[in-house]
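Me: I'm new to this one and would like to get my bearings. Could you walk me through it, one question at a time?

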Amino acid sequence: MHADLRASLPFENAQFDHVVMLAVFEHLVQPEAVLREASRILVPGGSLIMTWPAALVDPILNILHALHLISDEMESDEHQKRMP
């Protein structure tokens with residue numbers, strides 16, 4: 001299934017025990033809406049597991065992208081400002 005994370009997800013409320021987002025938030029201009037949606041589909045007491053790559057990864061991604069070893073979706077120029 002494919003869904004746009006920036007829109008309402010096609011799931012009922014409180015349907016999942018865990019939501020996992022690995023290297024997603026650095027690509028979102030408005031991550032708050034995605035967090036609200038993740039909260040909506042989580043059961044009470046459920047967990048959100050997320051990662052945000054360190055800035056040290058950007059030069060490596062740039063090299064890998066220039067060598068066509070990773071897809072355009074991984075291009076670090078699209079990363080948003082990092083949050084502490």
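What follows is a short run of questions and replies about this predicted model.

Me: Let's start with the overall layout. What pattern does the chain follow along its sequence?
Reply: The model is a predicted one, and its chain holds two helices and two strands. Read from start to end, these elements come in the pattern β-α-β-α.

Me: How much of the chain counts as buried?
Reply: For a residue to count as buried, its relative accessible area has to be under 20%. The chain has 84 residues, and the share of them that passes as buried is 23%.

Me: And the surface, then: what share of it belongs to carbon and sulfur atoms?
Reply: The accessible surface of the chain adds up to about 6200 Å². Carbon and sulfur atoms own a share of 60%.

Me: Which element gives the most to the largest nonpolar core?
Reply: That core is made up of ten residues: Leu9, Val19, Met21, Val24, Phe25, Leu28, Val34, Ala38, Ile41 and Leu42. The elements giving two or more residues to this core are β1 and α1, the latter spanning 31–41. With three residues, the one that gives the most is α1.

Me: Which residues does Met21 touch, leaving out those up to four places away in sequence?
Reply: Met21 is one of the residues of that largest nonpolar core. Two of its contacts, Val34 and Ala38, are listed in that core too. Leaving out residues up to four places away, the full set for Met21 is Val34, Ala38, Leu48, Ile49, Met50 and Thr51.

Me: Is Val20 buried or exposed?
Reply: Val20 sits in strand β1, which covers residues 16–22. Exposed means over 50% relative accessible area. Val20 has 51% relative accessibility, so it counts as exposed.

Me: How far apart in space are Val20 and Met50, C-alpha to C-alpha?
Reply: In sequence, Val20 and Met50 are 30 residues apart. In space, their C-alpha atoms are separated by 5.8 Å.

Me: What kind of aromatic pair do Phe11 and Phe16 form?
Reply: A pair of rings is described by the distance of the centres and the angle of the planes. The count here is one aromatic pair. The rings of Phe11 and Phe16 have centres 5.0 Å apart and planes at 85°, so the pair is edge-to-face.

Me: How does Phe16 count in terms of accessibility?
Reply: Its partner Phe11 has 25% relative accessibility and so counts as partly exposed. Phe16 comes in at 28%, so Phe16 counts as partly exposed.

How values were computed: Residues numbered from 1 in each chain as written. Predicted model: local features only at pLDDT ≥ 70, side-chain atom pairs only at ≥ 80, totals over all residues. Heavy atoms only, no water. Helix = DSSP H or I, 4+ residues; strand = E, 2+ residues; numbered from the N terminus. Buried < 20%, exposed > 50% of the residue type's maximum accessible area, 1.4 Å probe, protein only. Core = buried A, V, L, I, M, F, W, Y, C linked by side-chain atoms within 4.5 Å. Contact = heavy atoms within 4.5 Å. Areas by Shrake-Rupley, 256 points an atom, 1.4 Å probe, with all protein chains shown as cover. Phe/Tyr/Trp six-rings, centres within 6.5 Å; stacked < 30°, edge-to-face > 60°.
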